[in-house]
Amino acid sequence: MRAVIVAAAVAFLISLFGTPVAIRVFSALKAGQPIRTLGPASHQGKRGTPTMGGVAFILATVFAYVAGHLALTTLPDRQIAQERPTMTALVLLGLLVFCGAVGFMDDFLKIRKRNSDGLSAKGKLLGQLIVGTAFGIAALYFPSTNGQTVASEKISFIRDVSWLDVGKVGAVMVFVFVIMAMSNGVNLTDGLDGLATGSSILVLGAYSLIGFWQYRHWCGDDNYRSTSALTEAHCYQVRDPLEIALIAAAAAAALVGFLWWNTNPARIFMGDTGALGLGGLIGGLAVATRTTLLSVIIGGLFVIITMSVVIQIISFKTTGKRVFRMSPLQHHFELAGWSEVNIVVRFWIIAGICASIGLGLFYSDHLAVMG
């Protein structure tokens, strides 16, 4: 627990005091966010607000992991302390950084071209595909000394579903799909001041709790198994759960510090740099904690907003009519007359409800096993 608290505290402080530095740097570089002419008219007033703020909380998370990991190495032997970064940490932080790098390329091109085009849709998807495949292979083909891999060959809900075994190649494909779906889901949720930031805090907070709970009931902890009446069927078959909790808590805390500057009226946007990086990390957390299908509920707001875009496209292409005034969903409510702050807060509430339901289902499984 100490390592998790240290990582969260360091991430929060670096992000809180580092984001103003990013604001000054990106403002000096004239890295202002281009605004789509087809978007809501109220957004034109945001023209020139610096973007690529995701760099601040991504760096804060990485540095906080180092600080938390240093605290982790001082824990007693029963805590399964690691002297070097684990494969789990490399996969999760790698997804955060390299998905963020794809977003950075998109933001950079937008700024350079002085329009909202950036990377083509195919280029962005190709970048996500490459990153997802590389880390999917790392997650499936590099086991620990006890044979445990970061990801599983089985599709999971709250735990691995025994009859949903897709093999290593299939598992890599599932891994890539989850990363691409979640990174694009968070990206679509971005667009209003603080919306993606606050929603991601709630999701990452949920995964920090899940990771820590799995650590406290971990099959890899021989001391826990020997002092409890539970068998391997009752404990959690995951790899490095304390590292999972540490990284999720660090990212959530870094976002809290960033939200101080990103809330309405935002002084900096996370950009695709932050949105794609966060989505990659959340997708990685879902796979690493063996909660792939449960992530649809925990990240329910991202799913709802993504589906609004899918529904809009299908409806327009098949009937020529639009279901929503504009998609993603948050812009529909803007055009309906809701204020930006009202939309953000209400969507935060929805995100919180989804995360709470997901946590409730996760804990109810534990109660059912104990019963």
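A residue is termed buried when its relative accessible area is under 20%. In this predicted model, the term applies to 55% of the 371 residues of the chain. Within helix 1, the buried residues are Ala3, Val4, Ala7, Ala8, Ala11, Ser15, Leu16, Thr19, Pro20, Ala22, Ile23 and Phe26. An α-helix has 3.6 residues a turn, so residues three or four places apart point the same way.

The chain as a whole contains 13 helices and two strands. Among its contacts with a separation of 6 or more, 76% are made by residues 24 or more positions apart. The chain exposes about 16,200 Å², and carbon and sulfur atoms supply 68% of this area.

Helix 1 comprises 27 residues, from 2 to 28. At 1.5 Å a residue it should span 39 Å, and its end C-alpha atoms are indeed 39 Å apart. The helix nevertheless contains a kink of about 30° at glycine 18, shortly before proline 20. Just after helix 1, lysine 30 adopts a positive phi of about 55°. Further along, in the loop between helix 1 and helix 2, methionine 52 has a phi near 65°, a positive value in a residue other than glycine. Methionine 52 has a relative accessibility of 5% and therefore counts as buried.

The loop between helix 2 (54-72) and helix 3 (87-113) includes threonine 86. Because its relative accessibility is 6%, threonine 86 counts as buried. Its side chain forms a polar contact of 2.8 Å with the side chain of glutamate 243. When residues up to four places away in sequence are not counted, threonine 86 touches Tyr65, Asp240 and Glu243. The C-alpha atoms of threonine 86 and arginine 239 are separated by 9.2 Å, although these residues are 153 residues apart along the chain. Aspartate 240, one of the residues touched by threonine 86, is located in the loop between helix 7 (222-227) and helix 8. Aspartate 240 is not a glycine, yet its phi is positive, at about 55°. With a relative accessibility of 9%, aspartate 240 also counts as buried.

Helix 9, formed by residues 271-288, has 18 residues. The distance from its first C-alpha to its last is 26 Å, close to the 26 Å expected at 1.5 Å a residue. Because 18 of the 18 residues of helix 9 are buried, this helix is largely enclosed by the rest of the structure. In the loop between helix 8 (241-262) and helix 9 lies proline 265, and the peptide bond that leads to it from asparagine 264 is cis, with omega near -5°. On the other side, helix 9 is followed by arginine 290, which has a positive phi near 60°.

Threonine 291 belongs to the loop between helix 9 and helix 10 (295-298). Its relative accessible area is 0%, so threonine 291 is buried. A polar contact of 3.1 Å links the side chain of threonine 291 to that of tyrosine 207. Apart from neighbours within four places in sequence, the contacts of threonine 291 are Ser156, Phe157, Ile158, Tyr207, Leu285, Ala286 and Phe362.

A cis peptide bond is also present between serine 327 and proline 328, where omega is about 0°. Proline 328 is situated in the loop between helix 11 (300-319) and helix 12 (329-335).

Methods: Residues numbered from 1 in each chain as written. Predicted model: local features only at pLDDT ≥ 70, side-chain atom pairs only at ≥ 80, totals over all residues. Heavy atoms only, no water. Helix = DSSP H or I, 4+ residues; strand = E, 2+ residues; numbered from the N terminus. Buried < 20%, exposed > 50% of the residue type's maximum accessible area, 1.4 Å probe, protein only. Polar contact = N/O pair within 3.5 Å; in protein donor to acceptor, adjacent residues only side chain to side chain. Contact = heavy atoms within 4.5 Å. Expected span 1.5 Å × (residues − 1). Bend = angle between axes of the 7 residues up to and from the residue. Areas by Shrake-Rupley, 256 points an atom, 1.4 Å probe, with all protein chains shown as cover.
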